[in-house]
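Biologist: Please take a close look at one part of this chain with me, the nonpolar interior. Start with the surface, then work inward.

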Amino acid sequence: MEKFNLVEEKIIVKKTALMQAINKGEEFAITHRGEVLYPPYSDKDIFIFKGALKIDTPAFAIAKQRGLNDLFGQLYKIKEEAEEVIFEAENAWGEIVGFNQENAAYDDTTSDGIMDLGDKELEEMSWHATEFGITNRDISDVIEEGCEGILFCIHKETPFMFSSLIFIDDFACAREKVKAAIKEKIADKIANDADFARDTLTDDEEEAARFFGVI
């Protein structure tokens, strides 16, 4: 899975396309690849900006005269060049999450952890896997390491910060990889962990083991 870290990435936008969008005074969006788009959007798009800049106000005229930094506000750092506009969007992460939550497969942006995996079959696997202490974090690690998609995030080491939205290209891959990984973990626990010995499994643990084809 590709990692797109807004702490490190700069978004390069064609200046002509951006100014055309601004001057229309209508809603537009900027993707993480620097595309300027108008609604209706694709559910595959990932945005670093979405909204409209009201061009018929005195405040807009003043801000435009001062430059794009004033137009977009303090959350974005913007550098204007002859043909391109370069956005640094790390500080806008709180707003960016809101632009993208609907289309993300799952959300790892809060201290509560990953609550929903965004897919009925993955959720069913997760529900059974909890009987053996396997968490959504464990499941997400399998997906992020083994499947195509984008881990869209802010990630810093000092001070540590990690917050992400995950976009999965192929849910069939995710289901296959996750089921195989959970089956392997459950089989190992039954074979090697006294707390999950085959003859002491609870009804729920036995049901989960059967669900994954371990017993």
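How much area does the chain expose, and what share of it do carbon and sulfur atoms supply?

Modeller: This is a predicted model. The chain exposes about 11900 Å², and 47% of that area is supplied by carbon and sulfur atoms. As for the residues themselves, 40% of the 215 in the chain are buried.

Now the interior. In soluble globular proteins, nonpolar side chains tend to be buried together. Here the largest nonpolar core contains 36 residues. Within this core, Ile 48, Phe 72, Tyr 76 and Phe 87 have the most contacts. Helix H4, residues 93–100, contributes the largest share, which is four residues.

Phe 72 serves as the close-up. Leaving aside residues up to four places away in sequence, Phe 72 touches Leu 18, Ile 22, Phe 28, Ile 30, Phe 49, Leu 53, Ile 78 and Phe 87. Contacts across long stretches of sequence also show up for the chain as a whole: of the contacts with a separation of 6 or more, 57% are between residues 24 or more positions apart.

There is also a second, separate core, with 29 residues. Among them are Ile 186, Ile 190, Leu 201 and Ala 209.

The overall dimensions complete the picture. The C-alpha trace spans about 75 × 35 × 25 Å along its principal axes. The radius of gyration is 22 Å, whereas a compact globule of 215 residues would have one near 17 Å. Eight helices and 10 strands make up the secondary structure listed for the chain.

Notes: Residues numbered from 1 in each chain as written. Predicted model: local features only at pLDDT ≥ 70, side-chain atom pairs only at ≥ 80, totals over all residues. Heavy atoms only, no water. Helix = DSSP H or I, 4+ residues; strand = E, 2+ residues; numbered from the N terminus. Rg over C-alpha atoms; globule rule 2.2 N^0.38 Å. Buried < 20%, exposed > 50% of the residue type's maximum accessible area, 1.4 Å probe, protein only. Contact = heavy atoms within 4.5 Å. Areas by Shrake-Rupley, 256 points an atom, 1.4 Å probe, with all protein chains shown as cover. Core = buried A, V, L, I, M, F, W, Y, C linked by side-chain atoms within 4.5 Å.
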